[in-house]
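Visitor: I am new to this structure and would like a close look at a single part of it. Could you take me through one strand and its surroundings?

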Amino acid sequence: DELMDKLLTPTTVEDIDFIAPRLRKADYNECLASTGQQPRHVFHKSFNLGAISLTLRAPNGNRVGLCGVVTSPSIEGAGVVWMVATDDIYQHQTTFLRNSKRALKHLSENYLVLFNCVDARNSVHIKWLRWMGFTFINKHENYGAEKRLFYEFVRIK
């Protein structure tokens with residue numbers, strides 16, 4: 001669909017270098033807490049693994065986020081879904097929300113299950129994940145490099 005092709009484009013190295021330094025504070029903190037590494041480094045590593053797939057764009061073409069699914073190494077048919085954004089996404093909230101579910105459908109077409117963990121401090125993402133139909137199934141008290149509270153979420157096709 002034409003609009004989706006405009007709002008979701010295949011990620012390039014330039015997209016990563018543009019978005020990484022402009023991340024929402026909550027996304028930056030979450031990336032650091034879970035991996036212990038700078039977001040730009042994590043995104044480049046994911047990109048090289050073929051795991052970053054899409055750049056989120058505003059209707060004016062501006063890049064406002066990145067998202068993707070990494071095939072789970074341990075659970076057959078499962079993908080680890082993730083998304084990060086810049087503060088500019090708030091200026092395009094309606095467009096973003098209106099297209100979120102279609103984007104997720106696109107990202108999940110090769111998976112039976114999508115899951116990941118979210119930083120308990122990232123309240124915007126938690127609210128959005130609920131709205132997107134994810135279920136919170138677990139609480140991890142000492143998750144990731146910073147040993148913080150994270151919530152595990154899942155969505156089954």
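Visitor: How many residues lie between E3 and E4 in the hairpin that they form?

Guide: Happy to help. First, a word on how to read the picture: this is a predicted model, in which local features need pLDDT of at least 70 and side-chain atom pairs count only at pLDDT 80 or more, while totals for chains, interfaces and linings use all residues. Residues are numbered from 1 along each chain as its sequence is written, and side-chain values use heavy atoms, with hydrogens and water left out.

Now to your hairpin: E3 and E4 have 6 residues between them, and Gly77 in the turn has a positive phi of about 80°. The labels come from DSSP runs numbered from the N terminus, with helices (H or I) of at least four residues and strands (E) of at least two. Strand E3 covers residues 63–71, and its pairing with E4 is antiparallel, over 7 bridges; two strands count as paired if DSSP finds at least two bridges between them. Within this pairing, Leu66 stands opposite Val84 in E4.

E4 itself spans residues 78–85, and 8 of its 8 residues are buried. Buried here means under 20% relative accessible area, exposed means over 50%, and partly exposed is in between (1.4 Å probe, protein chains only). Both faces are covered, with Ala78, Val80, Trp82 and Val84 on one side and Gly79, Val81, Met83 and Ala85 on the other.

E4 also pairs with strand E5, residues 113–119, this time in the parallel sense over 3 bridges. Here Gly79 stands opposite Leu114 in E5. To get from E4 to E5 the chain passes through H5, and this β-α-β crossover is right-handed: with the strands pointing away from the viewer, the path from the first strand over the helix to the second runs clockwise.

Let us follow that helix. H5 has 15 residues (93–107), so at 1.5 Å a residue it should span 21 Å, and its end C-alpha atoms, 20 Å apart, agree with this. The expected span is 1.5 Å times one less than the number of residues. H5 has a kink of about 45° centred on Ser100, where the bend is the angle between axes fitted to the seven residues ending there and the seven starting there. Ser100 is also one of the buried residues of H5, along with Phe96, Asn99, Ala103, Leu104 and Leu107. In general, an α-helix has 3.6 residues a turn, so residues three or four places apart point the same way.
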